[in-house]
Amino acid sequence: MAILDDISQAVQIGKKKDVVALVEQAVSEGVAPDEILNVALIPAMDVVGDKFSKNEIFVPEMLVAARAMAAGTEILKPLLAQGGAEPLGKACIGTVKGDLHDIGKNLVRMMMEGKGIEIHDLGVDVPAEAFVDYIKEHEDLQLVCISALLTTTMPAMENTIKAIEEAGVRDRVKIMVGGAPITQEFADQIGADAYTGDAGSAAGKAAELLTA
Ligand code: B1M
């Protein structure tokens with residue numbers, strides 16, 4: 001679909017205003033929000049990542065693309081998160097210490113909100129202690145979601161789970177992990193309860209864990 005290609009191109013070159021206008025146009029033309037997300041916005045970031053790997057673009061270009069992507073996602077947010085369901089449970093989410101990537105985390109949060117999960121966002125670069133403190137301060141918290149996008153921050157994910165164990169609160173919560181470099185094998189190795197590869201299935205898995 002031409003408009004999806006246009007959105008993808010606009011994200012890739014970081015044209016935030018164009019992305020906003022094009023996403024609004026696509027929505028008004030009846031293109032499904034998840035199609036805009038999964039066919040245009042997310043794949044555009046993969047193209048950006050590939051170009052970065054090949055030294056064809058650098059951090060500033062990656063950053064403007066990310067901002068354009070975020071602006072497009074913001075328009076879709078009310079459409080993707082219109083669950084209106086009864087609260088299913090309480091969760092928190094954060095990107096691990098040392099890691100500033102938040103687009104995937106924000107999508108996971110949005111999809112979980114759509115499933116009726118009350119989810120508190122701890123942000124990016126979240127130290128293990130902040131996860132621990134949040135669990136301690138919220139006795140009704142049931143689910144902790146941890147995201148990591150860099151191979152260099154994967155150990156911080158493991159350290160976060162260790163810190164939760166050492167604080168004696170591990171049995172109070174389920175832990176879900178995800179992010180581009182994370183695998184089921186890694187999730188098993190660090191003692192997470194669940195891993196999923198994308199935001200939609202993360203929300204489905206979370207709902208499953210909260211209702212089990
Ligand atoms: Co960064 N970056 N980046 N970056 N960046 C990657 C991740 C990289 C793969 C690019 C590349 O080299 N091809 C590479 C990592 C390589 C590696 O670790 N092996 C990389 C690098 C190297 C870096 C820097 C080190 C670059 C530098 O400074 N030299 C630096 C690190 C900064 C830091 O974090 N300390 C850096 C910085 C940045 C920006 C700040 C410029 C920007 C982020 C802006 C932001 O997030 N606000 C940025 C971007 C945009 C990217 C790419 C291009 C796109 C990431 C993204 O948003 N993807 C990325 C390349 C790529 O991913 N192809 C790249 C779209 C998003 C929807 O996908 O986050 O994977 P993702 O989320 C997915 C799933 O993973 C899953 O659901 C989402 C989709 O449905 N998911 C979960 C995510 N969390 C989940 C949690 C779950 C379940 C599923 O359960 C809890």
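Trainee: How much area is buried between domain 1 and domain 2, and what share of it do carbon and sulfur atoms give?

Mentor: In this predicted model, the area buried between domain 1 and domain 2 is about 720 Å², and carbon and sulfur atoms give 83% of that area. On the side of domain 1, Lys-77, Leu-80 and Ala-81 supply 50% of the area that this domain buries against domain 2, which is more than any other three residues supply.

Trainee: Where do the two domains lie in the chain, and how far apart are their C-alpha centres?

Mentor: The domain assignment gives residues 2-82 as domain 1 and residues 89-211 as domain 2, and the C-alpha centres of the two lie 25 Å apart.

Trainee: How many residues are in contact between the domains?

Mentor: Taking contact as heavy atoms within 4.5 Å, 9 residues of domain 1 are in contact with 7 residues of domain 2.

Trainee: What is the count of salt bridges and of polar contacts between domain 1 and domain 2?

Mentor: A salt bridge requires a side-chain nitrogen of Lys or Arg within 4 Å of a carboxyl oxygen of Asp or Glu, and the count between domain 1 and domain 2 is 0. For residue pairs in polar contact, with both residues at pLDDT 80 or more, the count between the domains is also 0.

Trainee: Which helices supply the side of domain 1 that touches domain 2, and what classes of residue does this side have?

Mentor: Helices α3 (33-53) and α4 (59-80) each supply at least two residues of that side, and the largest share, 5 residues, comes from α4. By class, the side of domain 1 that touches domain 2 has 7 nonpolar, 1 polar and 1 charged residues.

Trainee: What makes Arg-109 and Asp-121 a salt bridge?

Mentor: The closest N and O atoms of Arg-109 and Asp-121 are 2.6 Å apart, and the cut-off is 4 Å, so the pair is counted as a salt bridge. Arg-109 is in helix α5 (residues 103-114) and Asp-121 is in strand β2 (residues 117-126), so that the pair links parts of the chain 12 residues apart. The structure holds 8 salt bridges.

Trainee: Why does the radius of gyration of the protein agree with that of a compact globule?

Mentor: With 212 residues, a compact globule would have a radius of gyration near 17 Å, and the protein has 17 Å, so the two agree. The C-alpha trace spans about 50 × 40 × 25 Å along its principal axes.

Definitions and conventions. Residues numbered from 1 in each chain as written. Predicted model: local features only at pLDDT ≥ 70, side-chain atom pairs only at ≥ 80, totals over all residues. Heavy atoms only, no water. Domains from an automatic or database assignment. Buried area = accessible area lost by both parts, 1.4 Å probe. Polar contact = N/O pair within 3.5 Å; in protein donor to acceptor, adjacent residues only side chain to side chain. Helix = DSSP H or I, 4+ residues; strand = E, 2+ residues; numbered from the N terminus. Nonpolar A, V, L, I, M, F, W, Y, C, P; charged D, E, K, R; others polar. Rg over C-alpha atoms; globule rule 2.2 N^0.38 Å.
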